Amino acid sequence: MSTPSLALRDIQFALEAAPFHRWLGIKAISADEDALRLEMPWRDEVVSNPRAQSAHGGILASLIDLTGFYALLASGNAPAATADLRVDYHKAATPSTLSVTGKVIRLGSTISVAEATIRNSGGVLLSSGRGAYHMARRMT
C-alpha cells in the first residue's frame, strides 16, 4: 500500500457520513503506507451477553468489514461493496476501547482484499478477518 491518498480528516469525514458509524463512535486514529487504524469506544448497547458483558459478534464483524473497506478507501481506491467476509473470534470483547487495524492485501480492478484485526485497550487480539470488496474505480 502506498502513501494514503486521503488525509486522516478526510477518512474521518467519510466515516461520519454513515449513521451506523456515527452511532458506533468510530474515530480514525492513523493511516500510513502500511495500515489504517480506527478506534471505537465501548458502548453498553453493543453487549449481547449481560452476564459476561461481551460485545455482539455482529458488531465485531462490522468493525472488521468497515475497516477493510476504509483501508482500501484510504489507499486511494474506491471500494463499492463487500463481496465476501470472513471473521474469526479469538476472545470475547468486554468493556474497553476497541482498536481496529486494517491492511490492504491485494488490489484488483474488480475485487480487492483487505484484512483487519481488533484488539482491546490492553493489546489482546479479540477478532480478525478478511474481506473481499467489489471495486468501483481508482480515485487518483
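In this predicted model, the side chains of Arg130 and Glu115 meet in a salt bridge, with 3.1 Å from N to O. Arg130 lies in strand E8, which spans residues 125–138. Glu115 belongs to strand E7, residues 111–119. The two residues are 15 apart in sequence, so the pair ties together separate parts of the chain. Neither side of the bridge is fully covered or fully open. Arg130 is partly exposed, at 39% relative accessibility. Glu115 is likewise partly exposed, at 28%.

This bridge belongs to a wider set. Side chains of opposite charge can pair when their charged atoms come close. A search of the whole structure returned six salt bridges. Among them is the pair formed by Arg86 and Asp88, with an N to O distance of 2.5 Å. Asp88 has a relative accessible area of 28% and is therefore partly exposed, since that class runs between 20% and 50%. Another of the salt bridges joins Asp10 and Arg9, at 3.0 Å from N to O. Here the partners fall into separate classes of accessibility. Asp10 is partly exposed, with a relative accessible area of 32%. Arg9 reaches 62% and counts as exposed, because the cut-off for that class is over 50%.

Aromatic contacts were examined next. The structure holds three aromatic pairs. One of them is formed by Phe20 and Trp23. Their ring centres are 6.2 Å apart, and 15° separates the planes. The pair counts as stacked because its planes are under 30 degrees apart. Both residues lie in helix H2, residues 19–24. They are three residues apart, about one turn of the helix. Phe20 is partly exposed, at 36% relative accessibility. Trp23 is also partly exposed, at 34%.

A second aromatic pair is built by Phe69 and Tyr133. The ring centres are 6.2 Å apart and the planes stand at 75°, so this pair is edge-to-face. The contact links distant parts of the chain. Phe69 sits in helix H3, residues 57–74, whereas Tyr133 sits in strand E8. The two are 64 residues apart. Both Phe69 and Tyr133 are buried. Together with Tyr70, these two residues form one aromatic cluster. Strand E8 thus recurs in two of the contacts described, because the strand holds Arg130 of the salt bridge with Glu115 and Tyr133 of the edge-to-face pair.

Trp23 has a further partner. The charged end of Arg43 sits over the Trp23 ring, at 4.2 Å from the ring centre. Trp23 therefore takes part in a stacked pair with Phe20 and in a contact with a charge, while being partly exposed at 34% relative accessibility.

Helix packing was then considered. Two packed helices are described by the angle between their axes and the distance between the axes. Helix H1 covers residues 8–16 and packs with H3. The angle is about 135°, and the axes are 11 Å apart. That angle makes H1 oblique to H3. The crossing of the two helices is right-handed. H3 is also the helix that contains Phe69.

Two strand residues were examined for burial and spacing. Asn77 is in strand E5, residues 77–89. Its relative accessible area is 6%, so Asn77 falls under the 20% limit and is buried. Asn77 and Lys27 are 50 residues apart in sequence, and their C-alpha atoms are 20 Å apart in space. Ser112 is found in strand E7, the strand that contains Glu115. Ser112 is buried, at 0% relative accessibility. Along the chain, 88 residues separate Ser112 from Leu24, and their C-alpha atoms are 25 Å apart.

Backbone geometry at Gln53 was also noted. Most residues other than glycine have a negative phi, and most peptide bonds are trans. Gln53 has a positive phi, near 55°. The residue is found in the loop between strand E3 (47–49) and strand E4 (54–55). Gln53 is partly exposed, with a relative accessible area of 30%.

Conventions. Residues are numbered from 1 along each chain as its sequence is written. This is a predicted model: local features need pLDDT of at least 70, side-chain atom pairs count only at pLDDT 80 or more; totals for chains, interfaces and linings use all residues. Side-chain values use heavy atoms; hydrogens and water are left out. A salt bridge is a side-chain nitrogen of Lys or Arg within 4 Å of a carboxyl oxygen of Asp or Glu. Buried means under 20% relative accessible area, exposed over 50%, partly exposed in between (1.4 Å probe, protein chains only). Helices (H or I, at least four residues) and strands (E, at least two) are DSSP runs, numbered from the N terminus. Rings of Phe, Tyr and Trp (its six-membered ring) pair if their centres lie within 6.5 Å; planes under 30 degrees apart count as stacked, over 60 as edge-to-face and the rest as tilted. A charge sits over a ring if NZ of Lys or CZ of Arg is within 6 Å of the ring centre and within 35 degrees of the ring normal. Axes are lines fitted to C-alpha atoms, for helices over the stretch in contact, and angles run from 0 to 180 degrees between N-to-C directions. Angles under 35 degrees count as roughly parallel, over 145 as roughly antiparallel, 65 to 115 as roughly perpendicular and the rest as oblique. A crossing is left-handed if the near helix is turned anticlockwise from the far one by less than a right angle, and right-handed if clockwise.
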